[in-house]
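Work through the exercises below with the sequence and the model at hand. Each task is followed by a solution in steps.

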Amino acid sequence: MLRPFFMLLSAVLFSLHAHAGDPYWLKGKTGDRVSVEVFRSATCGCCKDWIVHLKEHNFDVTDTVVDDVAPIKQRLGVPIQAQSCHTAVIGEQVFEGHVPAQDIKRALKQPNLQLLTVPGMVSGSPGMDMPDAPKQPFRVYSLDKQGHVEVFSEYENY
């Protein structure tokens with residue numbers, strides 16, 4: 001008698017994890033397919049949720065689990081103050097942390113950009129958008145090939 005209940009409960013819990021927590025992050029979804037490699041720790045749940053966010057935006061994700069992401073960040077030139085929990089690479093561009101998929105697709109049209117980053121782990125950002133999570137304002141920063149840092153986009157009241 002309990003077996004069907006547990007099967008249903010498992011299905012519900014799995015489906016909750018299988019889509020974005022906040023439908024806001026589905027805005028701007030395009031049909032463009034993009035291949036990306038994500039480097040992450042095996043123990044980081046928000047990294048897995050960010051990967052789900054990318055897949056919802058038609059990214060073909062190569063999920064590379066590593067023991068230590070620090071050497072990868074260093075090799076790719078991610079400044080310490082720009083770091084977060086996971087790092088993604090598309091061609092020569094690097095995407096650090098919980099960068100919205102929409103911003104990644106926009107950045108790919110700007111080949112002079114070397115890095116987009118959301119430093120830290122901002123509550124409410126893609127992958128950090130669990131139900132009832134507070135939505136903190138945040139900025140996505142860009143670093144171009146000449147070393148200039150700018151605000152690429154801002155999220156408030158989302």
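**Exercise 1. State what share of the chain is buried, and describe its surface and contacts.**

Step 1. Of the 158 residues in the chain, 46% are buried; buried means under 20% relative accessible area, exposed over 50%, and partly exposed in between, with a 1.4 Å probe and protein chains only. The model is predicted, so local features need pLDDT of at least 70 and side-chain atom pairs count only at pLDDT 80 or more, while totals for chains, interfaces and linings use all residues. Residues are numbered from 1 along each chain as its sequence is written, and side-chain values use heavy atoms, with hydrogens and water left out.

Step 2. The accessible surface of the chain is about 8,800 Å², and 58% of it belongs to carbon and sulfur atoms (Shrake-Rupley method, 1.4 Å probe; for residues, only the protein chains shown count as cover).

Step 3. Take the contacts (heavy atoms within 4.5 Å) between residues at least 6 apart in sequence: 59% of them join residues at least 24 apart.

**Exercise 2. Give the strand order of the sheet and place helix α2 on it.**

Step 1. The chain has four helices and seven strands, taken as DSSP runs numbered from the N terminus (helices H or I, at least four residues; strands E, at least two). Along the sequence they follow the pattern α-β-α-β-α-β-β-α-β-β-β.

Step 2. The seven strands form an open sheet in the order β2-β1-β3-β4-β5-β6-β7, and the pairing is mixed; two strands pair if DSSP finds at least two bridges between them. At the edges are β2 (59-66) and β7 (149-155), each with a single partner strand, so one side of each has no neighbour in the sheet. From one strand to the next the twist averages 20 degrees.

Step 3. Strands β1 (residues 34-41) and β3 (residues 87-90) run antiparallel and are joined by three bridges. Val38 has Ala88 in β3 as its bridge partner.

Step 4. Helix α2 (residues 45-56) lies across β1, β2, β3 and β4 (93-97), at about 175 degrees to β1. Axes are lines fitted to C-alpha atoms, for helices over the stretch in contact, and angles run from 0 to 180 degrees between N-to-C directions.

**Exercise 3. For salt bridges of Asp63, Lys73 and Glu92, find the partner and the closest N and O distance.**

Step 1. The whole structure holds seven salt bridges, each a side-chain nitrogen of Lys or Arg within 4 Å of a carboxyl oxygen of Asp or Glu.

Step 2. Asp63 pairs with Arg40, with the closest N and O atoms 2.8 Å apart. Asp63 is in strand β2 and Arg40 in strand β1, so the pair ties together parts 23 residues apart in sequence. Asp63 is partly exposed at 35% relative accessible area, whereas Arg40 is buried at 7%.

Step 3. Lys73 pairs with Glu96 at 2.5 Å between the closest N and O atoms. Both residues, Lys73 and Glu96, are buried.

Step 4. Glu92 pairs with Lys145, the closest N and O atoms being 3.7 Å apart. Glu92 is in the loop between β3 and β4 and Lys145 in the loop between β6 (138-144) and β7, 53 residues apart.

**Exercise 4. How many disulfides does the structure hold?**

Step 1. The count is zero, a disulfide being a pair of cysteine sulfur atoms within 2.5 Å.

Step 2. The cysteine sulfur closest to that of Cys46 is in Cys44, 3.3 Å away and too far for a bond. For Cys85, the nearest cysteine sulfur is that of Cys46, at 3.6 Å.

Step 3. Cys46 is buried at 8% relative accessible area, and Cys85 is buried at 14%.
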